[in-house]
Amino acid sequence: MIYHALMANLTIKEKAYGRIKFYEFPETGEVKAPFIIIDPLDVPIPKDYADNTWLAYDCLLQIDVWSKKRTATRELSEKIHY
């Protein structure tokens with residue numbers, strides 16, 4: 001779900017396509033273009049119930065942007081934030 005939401009943004013798709021990873025961190029020398037790393041920090045927790053059915057989950061995620069250029073990191077971070 002998160003991957004598809006990120007890919008819906010044209011800037012993110014253009015600059016980080018193929019380098020959006022889950023749980024995987026690139027090697028130091030591998031960062032030639034921007035990487036986006038999605039890292040869950042906790043297990044999903046049921047949030048709302050109705051008729052003994054979970055309606056929603058609370059998820060805590062960390063999304064990192066790795067890049068050699070500060071401006072590229074900032075641009076992608078702002079697109080992810082909004």
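## A salt bridge and a surface patch

Analyst: In this predicted model, K15 and E75 form a salt bridge, with 3.5 Å between the closest N and O atoms.

User: Where do K15 and E75 sit in the chain?

Analyst: The pair links distant parts of the chain, since K15 belongs to helix α2 whereas E75 belongs to helix α3, which covers residues 70-81, and the two are 60 residues apart.

User: How many salt bridges does the structure hold?

Analyst: The structure holds one salt bridge, and that is the one between K15 and E75.

User: Are K15 and E75 buried or partly exposed?

Analyst: K15 counts as partly exposed, with a relative accessibility of 30%, and E75 also counts as partly exposed, at 28%.

User: What about T11, where does that one lie?

Analyst: T11 lies in helix α2, which runs over residues 10-16, and T11 counts as buried because its relative accessibility is 19%, where buried means under 20%.

User: And which residues does T11 touch?

Analyst: Leaving aside residues up to four places away in sequence, T11 touches E75, L76 and K79; E75 is also the salt-bridge partner of K15.

User: Changing topic, which residues make the nonpolar surface patch?

Analyst: Y49, W54 and Y57 make a nonpolar patch of about 390 Å² on the surface.

User: Where is W54 placed, and is it buried or partly exposed?

Analyst: W54 is placed in strand β4, which spans residues 53-58, and W54 is partly exposed, with a relative accessible area of 45%.

Terms used: Residues are numbered from 1 along each chain as its sequence is written. This is a predicted model: local features need pLDDT of at least 70, side-chain atom pairs count only at pLDDT 80 or more; totals for chains, interfaces and linings use all residues. Side-chain values use heavy atoms; hydrogens and water are left out. Patches are made of residues with over 30% relative accessible area and no salt bridge: like charges are joined within 9 Å, nonpolar side chains (Val, Leu, Ile, Met, Phe, Trp, Tyr) within 5 Å. Accessible areas come from the Shrake-Rupley method with a 1.4 Å probe; for residues, only the protein chains shown count as cover. A salt bridge is a side-chain nitrogen of Lys or Arg within 4 Å of a carboxyl oxygen of Asp or Glu. Helices (H or I, at least four residues) and strands (E, at least two) are DSSP runs, numbered from the N terminus. Buried means under 20% relative accessible area, exposed over 50%, partly exposed in between (1.4 Å probe, protein chains only). Contact means heavy atoms within 4.5 Å.
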